[in-house]
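Please open the structure in a viewer and keep the selection tool at hand. The tour below proceeds stop by stop.

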2 protein chains.
Amino acid sequence: MKAALQIPYKIMDSVSIDCLLFGFNQGTLKILMVKHGEGISKGKWALPGGWINYHESIDDAASRILKALTGVSNIYLEQLRAFGDLDRYPTKRVITIAYFALVKPENYSLHPGFTASDAKWVDIKSVPKLPYDHKKILDFGFAHLKHKVRHEPIGFNLLPKKFTLLALQELYESILGNPLDKSNFRRKLMNMNLLVPSKEKQKDVSHRAAALYSFDKKIYDRLLKEEFNFEL
Amino acid sequence: MKAALQIPYKIMDSVSIDCLLFGFNQGTLKILMVKHGEGISKGKWALPGGWINYHESIDDAASRILKALTGVSNIYLEQLRAFGDLDRYPTKRVITIAYFALVKPENYSLHPGFTASDAKWVDIKSVPKLPYDHKKILDFGFAHLKHKVRHEPIGFNLLPKKFTLLALQELYESILGNPLDKSNFRRKLMNMNLLVPSKEKQKDVSHRAAALYSFDKKIYDRLLKEEFNFEL
DNA sequence: TTACTAATAGTCATTTTGACCATAATTTGA
DNA sequence: TCAAATTATGGTCAAAATGACTATTAGTAA
């Protein structure tokens, strides 16, 4: 590789990255996992992760690693936090920095590569036993998601561009884990004036088709300036 | 030192810790800073920070470093996040993990030590130019504080054990940056049934003495179980 | 044409909010 | 001793938000 010649291939050998990608599909919340193709946990399913290059910011490292292992790119990865327990990694001392994102699985085809021999979306309710402290990272990230989804309009990132109000409600129900009143949920959302109604309607359903809406970040940003507060 | 003989003195040389301590004193918000007594920023004021030992968790490292530099110990340090821009540290690649805490300055006497030649509380409004990316860390932490103080009862950590409602209100005003209605603030707090009234009253004031209250974590924990939600 | 399903709209009592106003308890100084 | 000043504390009231429902509508399926 040319890049390898120009920039000496040097890694930060005691700091790694792990990515936690949430997706919503067929009514259930999923996370993206990879099967390690090499290294000390070869054959095991785990969160996509890898080493940070010396000449690369941690944000860039997260994007690069995620793309290399799963093919998923061009998404907004937000840092969760660092995990630095003494015994989290078996062979040496490694601190890992976890990243977090919400995506629409149908928008990305998975292409395992680099150190990953496979990649797939796993239902959050049937995640296998994870190596290292990945369970801890997952739990922390899920709690973070639950909190964040109620205070910021990020749930839309998990839905298709155009969605029905019921789809949005079901997303919230599956993340928060409790049922919501349809009418009240609807009223609350509509009163925010945050959603853009589409001219289209839902298709191929065996009942009255619902109106489709989309989320417009520009509108949200404008509302924010007028001290609007997203709360669900 | 005996410890140095038993455990080889080995540090994680590319990962550091920085601590952001907020205190509230004489009506203003302060942060704890130290003057570097050695190293590449000798003589400069900065956040208390240092290297992580190989045989020490990052949480432990944060407590140890803070105590060694400032004498402040036995406080709850929460991780903020890692900062890992390429050029954040001038001489080599260093990722830092920032920690965050709220304390009552009057409860701690400052004892500069280790790599710090001095330590003091600085008004958040007159923080000098900071080295590295400490300004970025401070800004992030302050934003975090603003958010957190509205959603969790942590403001009490900045006040004396017993405080008046007005003192609490002024604390909130100084963190959030906007005035609050006294009567409404009072009503809201009291309706939470979170504060414990004290039998004592405020002393040495040249007007009617206010009732003193204290915060009881046990009560908060009990309320939490009954789906209580702290919101201001 | 009739059941079924979900969409959408509306009701209503209760609670919460925001913007005030009123009175009470102290201290200070004239 | 009394008035002014200052803050504490409690109350009012209309408007807005919430939670628990009910009603109606539009479309599918059989």
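For the stop at the DNA, a residue counts as near a strand if its C-beta atom, placed from the backbone, lies within 6 Å of that strand. The model shown here is a predicted one.

**Stop 1: chain A as a whole**

Select chain A and colour it by secondary structure. Six helices and nine strands make up its elements. Its C-alpha atoms occupy a box of roughly 55 × 35 × 35 Å along the principal axes. Of the 232 residues in chain A, 28% are buried. Consider next the contacts in chain A between residues at least 6 apart in sequence: 66% of them join residues at least 24 apart.

**Stop 2: the two copies**

Now display chain B together with chain A. How can chain B be laid on chain A? A turn of 180° with a shift of 0.0 Å along the axis achieves this, with an RMSD of 0.1 Å. The relation is therefore that of a two-fold axis. To locate the axis from the side of chain B, select Arg81(B), whose C-alpha is the nearest to the axis in that chain, at 2.4 Å. Both copies use the same surface, as 100% of the contact residues of chain B recur in chain A.

**Stop 3: the nonpolar core**

In soluble globular proteins, nonpolar side chains tend to be buried together. In this model, the largest nonpolar core has 80 residues. Select Cys19, Leu20 and Tyr99 in chain A and again in chain B; these six touch the most other members of the core. Then centre the view on Tyr99(A). Leaving aside residues up to four places away in sequence, Tyr99(A) touches Ile17(A), Cys19(A), Leu20(A) and Ala62(A), as well as Leu77(A), Glu78(A), Gln79(A) and Leu80(A).

**Stop 4: the surface near DNA strand D**

Select DNA strand D and the residues around it. Which residues are the closest to the strand? Of the 17 that surround it, they are Ser183(A), Ser206(A), Arg208(A), Ser183(B) and Ala211(B). The elements giving two or more residues to this surface are α5 (182–191) of chain A and, in chain B, α4 (165–176) and α5 (182–191). The greatest contribution, three residues, comes from α5(A). By type, the surface has five nonpolar, seven polar and five charged residues.

**Stop 5: α5 of chain B**

Finish by selecting α5(B) alone. How many of its 10 residues are buried? The count is zero, and the helix is hardly covered. After α5(B) comes Asn193(B), which has a positive phi, near 55°.

Notes: Residues are numbered from 1 along each chain as its sequence is written. Chains are lettered from A and ligands numbered from 1 in the order in which they are written. This is a predicted model: local features need pLDDT of at least 70, side-chain atom pairs count only at pLDDT 80 or more; totals for chains, interfaces and linings use all residues. Helices (H or I, at least four residues) and strands (E, at least two) are DSSP runs, numbered from the N terminus. Ala, Val, Leu, Ile, Met, Phe, Trp, Tyr, Cys and Pro count as nonpolar, Asp, Glu, Lys and Arg as charged, and the others, Gly among them, as polar. A residue is buried if 20 or more other C-beta atoms lie within 10 Å of its own, exposed if 12 or fewer, and partly exposed in between; C-beta atoms are placed from the backbone. A nonpolar core is a set of buried Ala, Val, Leu, Ile, Met, Phe, Trp, Tyr and Cys residues joined through C-beta atoms within 7 Å. Two residues are in contact if their C-beta atoms, placed from the backbone, lie within 7 Å. Copies are superposed by least squares on the C-alpha atoms of residues with pLDDT of at least 70 in both.
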